[in-house]
Amino acid sequence: MRGTIIAGYYFPLGELKAPFWSWVIKAATALRDSAALLVGDFNTGKHKIDEEFSTFISPEFIDALEAVGFSDTWRSAHSDAREYTWFSDCDNGFRLDYIWASPAVQSGVRAVWHDHSPREMGMSDHSALLADIDLPASLSSPST
């Protein structure tokens with residue numbers, strides 16, 4: 001038996017992003033029946049939903065992660081809302097930071113929100129993403 005798996009990510013930019021995403025999708029597939037959270041700066045999102053325009057590289061992997069069964073906890077809690085966690089030098093906003101929940105964790109998500117104060121105060125170039133989640137005590141190990 002194992003408890004909840006929390007994996008933190010910082011996704012690369014440019015040509016390394018697609019191979020890294022492929023690795024994450026493979027890992028997520030192995031974890032889909034476990035209590036798992038994939039957390040971090042994914043450096044991509046959905047065109048015209050998580051950004052104003054269509055500039056993201058590799059947005060199709062967001063759909064692939066959802067197809068595996070993981071849910072975007074912030075989007076699930078704020079279906080049509082638009083908030084950004086990072087801004088470019090041109091002041092274009094992007095939502096790059098995510099908490100993805102496996103099916104075993106999704107029902108335990110109570111609240112998910114952004115705290116923009118670290119970014120606004122200059123302590124970070126990203127807003128913080130916070131969540132209140134009741135995690136299951138344990139589930140059986142994934143088959144890998």
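In this predicted model, helix 2 spans residues 60–68, and its residues F61, I62, L65 and V68 are buried. Seen down the axis of helix 2, these buried residues fall within an arc of 120 degrees, so they line one face of the helix. The partners against which the buried residues of helix 2 pack are helix 1 (17–31), strand 2 (36–41) and strand 6 (97–101). Just after helix 2 comes G69, which adopts a positive phi of about 120 degrees.

**Salt bridges**

The model contains seven salt bridges. One of them involves helix 2 directly: E66 pairs with K46, with the closest N and O atoms 3.1 Å apart. This pair links distant parts of the chain, since E66 belongs to helix 2 whereas K46 sits in the loop between strand 2 and helix 2, 20 residues apart. E66 is partly exposed, its relative accessible area being 31%. K46 is likewise described as partly exposed, with a relative accessible area of 24%.

A further salt bridge joins the side chains of D50 and R75, at 3.2 Å from N to O. Here too the pair links distant parts of the chain: D50 is in the loop between strand 2 and helix 2, and R75 is in helix 3 (residues 73–77), with their positions 25 residues apart in the sequence. Both D50 and R75 are buried.

The salt bridge between D72 and R95 has its closest N and O atoms 2.5 Å apart. D72 is part of strand 3 (residues 71–72), while R95 lies in the loop between strand 5 (93–94) and strand 6, and the two are 23 residues apart. D72 has a relative accessible area of 7% and is therefore buried, the limit being under 20%. R95, at 0% relative accessibility, counts as buried as well. Through shared partners, salt bridges join D50, D72, R75 and R95 into one network.

The three pairs described above are set out in the following table.

| Salt bridge | N to O distance |
|---|---|
| E66 and K46 | 3.1 Å |
| D50 and R75 | 3.2 Å |
| D72 and R95 | 2.5 Å |

**The surroundings of F11**

F11 is located in the loop between strand 1 (5–10) and helix 1. With a relative accessibility of 0%, F11 counts as buried. Its contacts, leaving aside neighbours within four places in sequence, are with F20, W21, V24, D41, F42 and N43. For one of these partners, D41, the separation in sequence from F11 is 30 residues, while the C-alpha atoms of the two are 6.2 Å apart in space.

**The largest pocket**

The largest pocket has a volume of about 260 Å³. It is lined by 14 residues, of which L13, K17, N43, W86 and L96 are the closest to its centre. By residue class, the lining of the largest pocket comprises seven nonpolar, five polar and two charged residues. N43 appears both among the residues closest to the pocket centre and among the contacts of F11.

**Backbone features and exposed loop positions**

Two residues that are not glycines have a positive phi. For K48 the angle is about 60 degrees, and for D91 the angle is about 70 degrees. K48 is situated in the loop between strand 2 and helix 2, the loop that also holds K46 and D50. At 53% relative accessibility, K48 counts as exposed, the limit being over 50%. D91 occupies a place in the loop between strand 4 (86–87) and strand 5, and D91 is exposed, with a relative accessible area of 58%.

G122 provides a further exposed loop position, in the loop between helix 5 (117–120) and strand 8 (128–133). The relative accessibility of G122 is 60%. Between G122 and S58, which are 64 residues apart along the chain, the C-alpha separation is 29 Å.

Terms used: Residues numbered from 1 in each chain as written. Predicted model: local features only at pLDDT ≥ 70, side-chain atom pairs only at ≥ 80, totals over all residues. Heavy atoms only, no water. 1 Å grid on protein atoms, 1.4 Å probe; cavity = no way out; pocket = protein on both sides within 12 Å on 5 of 7 lines; lining within 4 Å. Points joined across faces, edges and corners; volume = space filled by probe spheres on them. Nonpolar A, V, L, I, M, F, W, Y, C, P; charged D, E, K, R; others polar. Buried < 20%, exposed > 50% of the residue type's maximum accessible area, 1.4 Å probe, protein only. Helix = DSSP H or I, 4+ residues; strand = E, 2+ residues; numbered from the N terminus. Arc of directions from axis to C-beta. Contact = heavy atoms within 4.5 Å. Salt bridge = Lys/Arg side-chain N within 4 Å of Asp/Glu carboxyl O.
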